[in-house]
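Please walk through the structure shown below, one sheet at a time, and then turn to the way its parts meet around the ligand.

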Amino acid sequence: MKRIAILGTGSFAPEKILTNADLEKMVDTTDEWITTRSGIRERRIAEKDEVLSKFAHGAAQQALERAGMDPKEVDLILLATVTPDQPIPATSCFVQHMLGATHAAAFDLSAGCTGFIYALSIADQFIRSGKYRTVLAIGGEVLSKYTDWTDRSTCILFGDGAGAYLLRGEEGERGILETALYADGSLSDFITMPGGAGRYPPNVKEHIDARLPFIKMRGNETFKVAVRNLTEVSLEVLRRHGLTPADIAWLIPHQANTRILGAVADRLGLPHEKVYMNLEYTGNTSAGSIPIAAAEMVEKGLLKEGQVVLSSAFGAGLTWGGALIRW
Ligand SMILES: CC(C)(COP(=O)(O)OP(=O)(O)OC[C@H]1O[C@@H](n2cnc3c(N)ncnc32)[C@H](O)[C@@H]1OP(=O)(O)O)[C@@H](O)C(=O)NCCC(=O)NCCS
């Protein structure tokens, strides 16, 4: 049977570390509050001159190297992000040039923190249809540049970085088994960055003064929907494949908050040791978080061929989705 196998994973993070102790000096918060409410102790933050293409390129390069693949064999580059280098052109085009992936089509896609699951599903469709054979799916963000560093309810959560999967259609049992994608635009005001585009353009001083080009979030309401939707979509992709949570080796979820992920694990009846979490030292890197976590697991030798692995995510939109993979 033909499946879309993951031949390589990669990740890239900026050097600079911002700890909870650093945040204590910036806003009215404590390490204890941040750790107990979110599970995050530190996050990586871009320097002024660092942009997403640098991180996305680093992650993609590593995925190609681990797969032993020439960049010229890549047919399509998908970059899931809400924090591109520039509005025009798509950041994936910068990455295509930096990689020397001269035969690849490239586009960015925006689905908030669910972006990487959307990218996996799109890659799956392109390869399954026979249109392309080899696809680089990248997720990454430089959220620090859009963070309101005076808003203690959001600035403690986010981090920067990117991750990538190199996907290829191969005969065999390994690969993407199932994906499911959802959106509910009626909840679009839960996580937003109102300014910087058509509604509140960046060339109006009042928009900047009102801090519109920054991320805003209704954290508590998002929390509740996140637990419900992550649980439901996880069960759905398993059910579609005739499986239950007991059949999976790992849940590699979007790294939003340890309390959210603990609640999801409990609802799925999944031992917490099967939920991979690295947000303690990455923060929430939005579309980057799943492939960054998976690349780290590969480095640690935690992902073994044949294991069934589930990834699920939720984010701005609201969007949510799941992907079931035989590693
Ligand atoms: C953001 C989040 C950690 C806040 O935790 P919470 O338990 O929901 O906290 P609340 O927002 O209800 O705020 C509780 C209190 O803490 C305060 N608070 C908020 N941020 C704080 C901080 N950094 N330090 C100290 N106190 C803080 C609030 O002002 C509030 O005080 P009040 O009761 O006097 O009004 C949590 O809601 C969350 O993780 N939500 C999901 C967010 C998410 O994952 N978003 C990304 C989607 S991809």
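V308 stands opposite R326 in β13, and this pair belongs to the antiparallel match between strand β12, residues 308-315, and strand β13, residues 319-326, which are joined by eight bridges. The model in which these strands are seen is a predicted one. β12 and β13 belong to an open sheet of four strands, whose order is β8-β13-β12-β11 and whose pairing is mixed. Because β8 (175-183) and β11 (250-251) stand at the edges and each has a single partner strand, one side of each is left without a neighbour in the sheet.

Two helices can be followed across this sheet. α7 lies across β8, β12 and β13, and its course is at about 35° to β13, whereas α5 lies across β8, β12 and β13 while running at about 125° to β8.

A second sheet, also open, is made of five strands in the order β1-β7-β6-β4-β5, again with mixed pairing. Here β1 and β5 (105-109) stand at the edges with a single partner strand each, so that one side of each is left without a neighbour in the sheet. From one strand to the next, the twist averages 20°. Within this sheet, β6 and β7 run antiparallel and are joined by nine bridges, and G140 stands opposite A162 in β7.

α5, already met above, packs on this five-stranded sheet too, where it touches β1, β4 (76-80), β5, β6 and β7, its direction making about 165° with that of β6. Helix α10, residues 289-299, likewise packs on the sheet, touching β1, β6 and β7, with a direction that makes about 90° with that of β1. Which residues of α10 are buried? They are S289, I290, P291, I292, A293, A294 and A295. After α10 comes G301, whose phi is positive, near 70°.

With the sheets in view, the division of the chain can be considered. The protein chain is divided into domain 1, residues 2-174, and domain 2, residues 177-326, and the centres of the two, taken over C-alpha atoms, are separated by 13 Å. In the contact between them, 46 residues of domain 1 meet 45 residues of domain 2. On the side of domain 1 that touches domain 2, at least two residues each are supplied by β1 (2-12), β3 (42-44), α5 (115-128), β6 (134-142) and β7 (160-171), and the largest share, seven residues, comes from α5. Sorted by class, that side of domain 1 has 18 nonpolar, 18 polar and 10 charged residues.

The ligand remains to be placed. Where does the ligand lie with respect to domain 1 and domain 2? Both domain 1 and domain 2 give residues to the shell around the ligand, and it therefore lies between them. This shell consists of 19 residues, of which the closest are T29, C113, R152, G219 and A256. The elements that give two or more residues to the shell are α2 (31-38) and α7 (219-240), the latter being the helix that lies across β8, β12 and β13. By class, eight residues of the shell are nonpolar, nine are polar and two are charged.

Technical notes: Residues are numbered from 1 along each chain as its sequence is written. This is a predicted model: local features need pLDDT of at least 70, side-chain atom pairs count only at pLDDT 80 or more; totals for chains, interfaces and linings use all residues. A residue is near a molecule or strand if its C-beta atom, placed from the backbone, lies within 6 Å of it. Ala, Val, Leu, Ile, Met, Phe, Trp, Tyr, Cys and Pro count as nonpolar, Asp, Glu, Lys and Arg as charged, and the others, Gly among them, as polar. Domain bounds come from an automatic or database domain assignment. Two residues are in contact if their C-beta atoms, placed from the backbone, lie within 7 Å. Two strands pair if DSSP finds at least two bridges between them. Axes are lines fitted to C-alpha atoms, for helices over the stretch in contact, and angles run from 0 to 180 degrees between N-to-C directions. A residue is buried if 20 or more other C-beta atoms lie within 10 Å of its own, exposed if 12 or fewer, and partly exposed in between; C-beta atoms are placed from the backbone.
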